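Good morning, colleagues. Please bring the sequence and the model up on your screens, and I shall take you through a selection of local features.

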Amino acid sequence: MLTVPHFLELRQYFNSHEVGKPFSVTVDKLAGIWYCTPRYAKRIVRKLCELGWIEWKAGRGRGHTSALTLLTDSDEILLREAKLRMEQGDVKEALELMNRFGAAAVKEQFMDWLSEGMGFSTQAVSNKLQDTLRFPMYRKILTLDPGLIHYHFDAHMAGQLFNTLVEYDQESRTVLPCIAHSWEKSVDAKEWTFHLKKGVMFHHGRELTAHDVVFSLDRIRLNPERFESSWMFQDIETIDVLDHKTVRIRLKEPNYLFLRLLSTIPASIVPEEIVRAGEAEFGKKPVGTGPFRMVRLNEGICILEAFPAHFQGRPHLDRVEVLIFPEMETGCLKEPDWTSVMISNGDASKAQREAWIKGNSEWCDVETLFSCCSLLVFNQWKIGPQNHPEFRQALHHIIDREQMIAELGGDRIFPAQGFRPYHPVSEITTVHSRVSRSEILTMLNASGYQGETFRLLTTAYHEEDAIWIRERCESFGVHMEIEVRDPSEFAVHHSLPEHDCLLFGNTFSNDEVSELEMVLQKNYLLSAFDEPVAKAVKKAAVSIFRESDEKERQHKLADMEYLIRQTYSVLYLVHKKNNTSFHKSLCGVTVNASGWLDFHKIWFHPHVSP
């Protein structure tokens, strides 16, 4: 019996009646309020009387009025129930209850209580001290299956649950051992042999073997229709188990980024029997070898706990709780501003960041310049005005980036000339030169545009930018329709309805794989290329894989980006910044390539109270 909601519904319906003053009502009336039978309504009344929340004096005979007295106000009961549900991990239910029944004052009390519980805390649990990190997230986790990851936060969480054969160190830009303790390659870089560590345990208690490695990589590479990231492993010809702890991989051609590809989230090693038992369930209840294991995941909360048997050592942090809030709740939490704490939109690599520590005696803020770039990606797989390069060029000039930044502000920092704020090897730059209104109209006329509706798809996060772009386009006679879709639809290219362009942002990790992913993976930029550009990009990408010299690969990447800019296949809009905050009691803070704190590296200083 949902006693509290029943009382709240009663109190809301009779909100004009004072506490302590009886009034007349029938059982049938109560049944209508609670959408139940009169018999069940009487059961609810008895329960509310037992709790001392109401007093009831029944009238004689069927249909006669009875006397109902409300003995308490609803705010305290609502606050207590919302707190209880939140503590039980029922975040969605707690917020729905508060939004449905709470007045402004009790909502503020609730948010104050929530804010106090965020951050880092040490509590006694079963006579042991437990270090917990709790923070909010304003977008649901789509999946934690590493083969299906699309968004950076999901990838960050998967990185806590899984490991790869090797790992990439962002600062030193080198590949290090992980599940594999060593490896050899042939002279022609086409044959690779990996030797696995002993005692690498999955969370469900089984030791990882060479067969899990073969299964994990084959699952992605042999199923390109299901896994967008399968392009990473298309150079693999065969994968063989040499023995329990040895794997040999033969490539069709040399690939000098192969080790780097094996360090990405899609290359995570998964337990064969768990995945075969049900891939859909695996994305909700993942089992890996990572420093944390999944305890609970629903639409309101994600809870991770330290995995004591992790082969690289137990994490110092005991527990991570991610409270998943609806987007409309953004900004409701109090100081510190948890709407931005550890919420990343970009790249935190050392070469690109400008960071400084500031703040008061309790909190440290790292303001980081990330290479998060917003993009307008045209759909060349559909017939429309976007097929003509002069139409795309006209939109490029219509969207005045400086004006967008000045009018919208926020985390928008400066106009984008490419994926990243600068290119380390390229001297080629594209200056956003201003052209006159008449020149833009001439481009539109030359493209054959005749006022057709131009359909733009985006997510709620980029809706403000989309509306600004639409207003600019309308002022030049370009009719634009905006459709806001759920982020989950952007994760798989064929799930999107027909559109003329997409507006989204992407984080770049300042390495070659990040940029290649954008041009080779279907759910990013691939639809923006017409046939000649697609062939040129594909050819350039293949040549990058075959190039052994890193500096030369960088030059080829710069040339490929220049081609995309010159054809206006993709319009780079603005770069964004991000803030990461942490309490001064926290030690071992490192910000990873996604702008998030690495959970398994952080610990609390015992003499600084959080």
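I begin with a pair of residues on neighbouring strands: Glu184 stands opposite Thr193, the latter in strand S9. Before going further, I should state that the model is a predicted one. The strands concerned are S8, residues 180-185, and S9, residues 191-196, and they pair in the antiparallel sense over 5 bridges. Together S8 and S9 form a hairpin with 5 residues between them. In that turn, Ala189 has a positive phi of about 60 degrees.

Let me turn to the nonpolar interior. The largest nonpolar core has 62 residues. Those with the most contacts inside this core are Leu165, Phe194, Ile249, Leu375, Phe504, Leu516 and Leu525. Which helix gives the most to this core? That is helix H17, residues 531-546, with 6 residues. As for its place in the fold, the core lies between domain 2 (152-284) and domain 3 (368-577), because both give residues to it.

One member, Leu516, merits a closer look. Neighbours within four places in sequence aside, Leu516 is in contact with Trp231, Leu257, Ala541, Ile544, Phe545, Leu557 and Met560. Separate from this core is a second one, of 41 residues, which includes Ala41, Ile44, Leu68 and Leu323.

Leu516 also belongs to helix H16, where it is one of the buried residues. Is this helix, residues 512-520, enclosed or open? Since 9 of its 9 residues are buried, H16 is largely enclosed by the rest of the structure. The buried residues of H16 include charged-type side chains by name, namely Glu512, Glu515 and Glu517, alongside Val513, Met518, Val519 and Leu520.

I now come to the electrostatic pairs. As a general point, side chains of opposite charge can pair when their charged atoms come close. The structure holds 38 salt bridges, and I have chosen three pairs and one network for discussion.

In the first pair, Glu279 forms a salt bridge with Arg219, with 3.0 Å between the closest N and O atoms. Glu279 sits in helix H11 (residues 279-284) and Arg219 in helix H8 (residues 210-221), so the bridge links distant parts of the chain, 60 residues apart. The partners differ in exposure: Glu279 is partly exposed, at a relative accessible area of 26%, whereas Arg219 is buried, at 5%.

The second pair is Lys382 with Asp500, whose side chains meet in a salt bridge at 3.1 Å, N to O. Here too distant parts of the chain are linked, the two residues being 118 apart in sequence. Lys382 is in the loop between strand S16 (363-378) and helix H12 (389-398). Asp500 is in the loop between strand S19 (479-484) and strand S20 (501-507). Asp500 is buried, with a relative accessible area of 3%.

In the third pair, the side chains of Asp465 and Arg412 meet at 2.6 Å, N to O. Asp465 lies in helix H15 (residues 463-474) and Arg412 in strand S17 (residues 412-415), with their positions 53 residues apart in the numbering. Is each partner buried or exposed? Asp465 is buried, at 1% relative accessibility, and Arg412 is buried as well, at 8%.

Beyond the individual pairs, there is a network of salt bridges that links Arg134, Arg293, Glu305, Arg319 and Glu321.

Two further residues complete the survey. Arg11 is found in helix H1, residues 3-13, and is buried, at 10% relative accessibility. What does the side chain of Arg11 reach at 3.4 Å? It reaches the backbone oxygen of His17. With neighbours within four places in sequence left aside, the contacts of Arg11 are His17, Val19, Leu70, Thr72, Asp73 and Ser74.

The other residue is Asp169, in strand S6, residues 166-169. At 27% relative accessibility, Asp169 counts as partly exposed. A polar contact of 2.5 Å joins its side chain to that of Ser172. Leaving aside neighbours within four places in sequence, Asp169 is in contact with Thr174 and Leu176. Finally, Asp169 and Ser263 are 94 residues apart in sequence, and their C-alpha atoms are 9.6 Å apart in space.

That concludes the presentation, and I thank you for your attention.

Note on methods:
Residues numbered from 1 in each chain as written. Predicted model: local features only at pLDDT ≥ 70, side-chain atom pairs only at ≥ 80, totals over all residues. Heavy atoms only, no water. Core = buried A, V, L, I, M, F, W, Y, C linked by side-chain atoms within 4.5 Å. Buried < 20%, exposed > 50% of the residue type's maximum accessible area, 1.4 Å probe, protein only. Helix = DSSP H or I, 4+ residues; strand = E, 2+ residues; numbered from the N terminus. Domains from an automatic or database assignment. Contact = heavy atoms within 4.5 Å. Salt bridge = Lys/Arg side-chain N within 4 Å of Asp/Glu carboxyl O. Polar contact = N/O pair within 3.5 Å; in protein donor to acceptor, adjacent residues only side chain to side chain. Pairing = 2+ DSSP bridges.
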